[in-house]
Amino acid sequence: MKSGFSKLVLLIIGLSVFYTYVGLYFLPQSESLPPVVIEIKEGIDQDELLKIGEDILFGKGQCMVCHPNKPEPGMRSPAIAGIGAVMYERVQSMDITEEEYIFQALVDTKAYIPEGFSPIMPPSQKLLTEGELIAVAALLQSKGSDVTISFPESLPALRKSMGSTEKKPVVASAKISKGISQAELLKIGKDMYDDKGACIDCHPAEPDPDVEFPILTALLGEVEKHAEEKGKDTEEFLFEALVNPGAYVAEGMDDIMPATQESLSPEEIIAVSAYIQSKGGKVTISLDSLPTLTKELEKAGGQ
Amino acid sequence: MAELSTTKGISKGVIKLTVLLGISFAVILLFKPFATEEAYRAFPVIGSRVWVWIIAQLHLNFAAFVLGVPIFAVAMEFIGWRKSDERLDKIAHDFAKLFTVGYTITAILGTVLLISLPFLYPKFMDHLMKILGPTWWLYCVVMYVETVIVALYYYSWDRMKENSKGKHVFLGLLVNLAGTALLLITSSWVGYMTTPGGVNETTGELVNRWDAIKTYMWLPLSLHRLMANVVFGASIGAAYAAYRFITSTDPEDKAYYDWMGYTAAMISIAFYFILPGIGYLLGVEIYAFNEQMGIQLMGGFFAWLWVMQAILMGLILFFINYYLWISLNKMPGGDRYFKYVKLLYIFTLLGWAIWMTPHSVAVSLEEARRIGTYHPILGNLGVMASKNTATIVAMLATFYSYAIFRIANKEPTVPWAKTGSMVKAAVMIASFVGILYIGWYSYIVPAEFRVKVLSTIQFGLFFGVMIATMVIDKYLYKDARVIGEPDWGKMPDRSQYSLIGVTVTFTWLMSLLGYMRSGGRQYWHVYGIVKDTSPDAFLPTHGFASVVASITTVLFFFVVAAVFWGMIKTEKVPEGGKAS
């Protein structure tokens, strides 16, 4: 009986060790990290842009999961090789530019489905930033056509494509209605900051050596400093900085921040502002601040 | 085993559950884990993720055990009752004994998990309670209901055996209904985390609780778990029988445990054949929720773990085939079929080899740039067209190993015996040719047609052939001449080790697939709603995941061995002695 039991223990441990060995030494060993924003500088060299595009294709974008490099039987999605030439051919009979076609195919993925394929591709803008989308688009164009896409020159064309697919914010402003408690407003503000507004991508909560912009807790200090310099009220200046970010770009920083109203509703901007305020001072912003924000939005819209 | 009275048995179960829940609530009330601004707390040395991973997987393994074994036990009891087969009733009772002990361990592990989660992941658990809190209280109620019914079912076995067997089987059915209700509730939690619904996409606030429960994943996951639990429960039963066989010296005991192991293993494998189809359904729902998640799960970071899965599933088939081929020795007349074993071996081996062929051989970006993503020859085998075909061929070969074993000691006596055998052979050859042809045709059709039409036909053909063969055999071997009765107990120990191999491999596979299902969420606690911002917000290497899977598997069997040991010990209590 003892011998049977020992053999049993050996079998269980032996099989587990064998499976571990296969897992450790027969399979590739890499970790899958959360996506990071790839910094793309203005006026980036074309070769560098194409290299970033290729890295995204194999890495962050996960494009190669469905798009094989060369055509193969039963492929799930069109092959990458020669795709630029195919797209060039297609636009010849259409009333759009090559750039517009590529951007549209990336952001509105159901727009151009080649025959025999299913509309399975998710919208790329959910995963990639504008700069990254341009890098991928340039790479695709390079596969059989002359590369005309560059950063930041192609931004307007990309934004036009994205604008045509953009949906109205899903967050119901009704959720931020009169009488909302400050705690609730701050919670929503945090969610907006972290997710929908994606502010956290450039202004992280903790110092990050890869990010050159002020972190969350430093934002209020920046705002107060600039407000004092300009002789403005902090609250008013914070709204202005959010809805017209190009007006006050800190020295040495790039003007890349999109206007907040492009992704957030006025009530949501109020929530984000209150959240930023909560990270360094007394929270004075509430839904009562809506008229001040509206004024700033009108000013930004008029520029 | 000396029996407790039914009332005492119920009281014992309820007290145990109340004590364990009481401990959890007391700890949570005393230490207030939710009262913190921090989103995470760190577990010492191994970290929070690995701790919760191991405890949750062990809890799941035992939960699968206590949900799967009752299905098997009640089915045996029912058939035994209707056929007046005492052996089946004994096997059912033995299994009922197994799962009653299993409940206590499942509950203890659940308590550890219940305390660990709010302490280590307070913000995430706070969110989960806000969205699905009422289902947790329902879960507690169903746990009490199940505890009472299980105790009633087990402790009333002898009392109801003679005159109230029907009512007792009905009690068993209620045990399974309560178990399925628990499974549905817990699957709704996992379903919400992976394919959430019913909440505001941005704020994560609850919009509709029912929508948060009935997510894309809920029902297919529940069904997949239910089937997997039967496979797992039956394979644990087979392992138990194998262990008793190996350690027994009494020929009568050996014969009984040999038969028990065979019955449990065949039920396990029968349900195992259904799993890929339901897994396919689960995949379809994940794709319907979010294509990117589907792609990531099926072909992205996890692509190589599917190769690992193929290695494990193929090994399970080999263990079973090996067991069945050896089993021919105990069948008088079984030697007539030895010549087919080689053929079945080749088919299983080829199917397995293709099944585990990776699609993309490049393991890094640099390698992909250097040698290309796909191997010029093997790249063609690593696609769905060939893998589906290979899987079915390997499973079909396994089925024929079983079909041969069933008839090995018989000779048909019906007048159409020769024609019947020829029809059976024709069905077999036609099915193999048909499956291979569809596999080849799958290469030249659009992906959508292959996924939606051809794969379904291939699996349909597989099940059709099995049913046709069983039906033909039923009539062909009616009143057949029996060359000799199976010599139960005449099996070498190595055959029993192969049954234990099935159970160990299946347990390891459950750990691996559980990790993959969970890892599909990537850096989200609740996909797209609650981001994982902990230091563990990344998917570890496949090697690391394999180490954790092995640790949980070994720990699981360590506890299972202790349960078996305890049960065997209580059997040896002399008459009139006290039960432990």
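**A walk from the A–B contact into chain B**

Start by selecting the contact between the two chains: 60 residues of chain B and 48 residues of chain A take part. Keep in mind as you look around that this is a predicted model.

Stay on the chain B side of that contact and colour its helices. At least two residues each come from α8 (218-247), α10 (291-299), α11 (303-327), α13 (365-371), α14 (378-381), α17 (447-476), α18 (493-519) and α19 (542-571). Which helix gives the largest share? That is α19(B), with 9 residues. Now colour this side by residue class, and you will find 30 nonpolar, 24 polar and 6 charged residues.

Next, select α10(B). Here B:Gln292, B:Met293, B:Gly294, B:Ile295, B:Gln296 and B:Leu297 are buried. Show α9 (251-289) and α18 of chain B as well, since both are among the elements covering those buried residues.

Keep α18(B) on screen and add helix α2 (residues 47-83) of chain B. The two axes come within 11 Å and cross at roughly 125 degrees, so α2(B) and α18(B) are oblique to each other. Their crossing is right-handed. Zoom in on where they meet: B:Gln57, B:Leu60 and B:Asn61 from α2(B) contact B:Thr507, B:Met510, B:Ser511 and B:Gly514 from α18(B). This contact has 2 nonpolar, 5 polar and no charged residues.

Finally, move over to chain A. Select 46-165 for domain 1 and 173-302 for domain 2, following the domain assignment. Taken over C-alpha atoms, the centres of these two domains of chain A are 33 Å apart.

How values were computed
Residues are numbered from 1 along each chain as its sequence is written. Chains are lettered from A and ligands numbered from 1 in the order in which they are written. This is a predicted model: local features need pLDDT of at least 70, side-chain atom pairs count only at pLDDT 80 or more; totals for chains, interfaces and linings use all residues. Domain bounds come from an automatic or database domain assignment. Two residues are in contact if their C-beta atoms, placed from the backbone, lie within 7 Å. Helices (H or I, at least four residues) and strands (E, at least two) are DSSP runs, numbered from the N terminus. Ala, Val, Leu, Ile, Met, Phe, Trp, Tyr, Cys and Pro count as nonpolar, Asp, Glu, Lys and Arg as charged, and the others, Gly among them, as polar. A residue is buried if 20 or more other C-beta atoms lie within 10 Å of its own, exposed if 12 or fewer, and partly exposed in between; C-beta atoms are placed from the backbone. Axes are lines fitted to C-alpha atoms, for helices over the stretch in contact, and angles run from 0 to 180 degrees between N-to-C directions. Angles under 35 degrees count as roughly parallel, over 145 as roughly antiparallel, 65 to 115 as roughly perpendicular and the rest as oblique. A crossing is left-handed if the near helix is turned anticlockwise from the far one by less than a right angle, and right-handed if clockwise.
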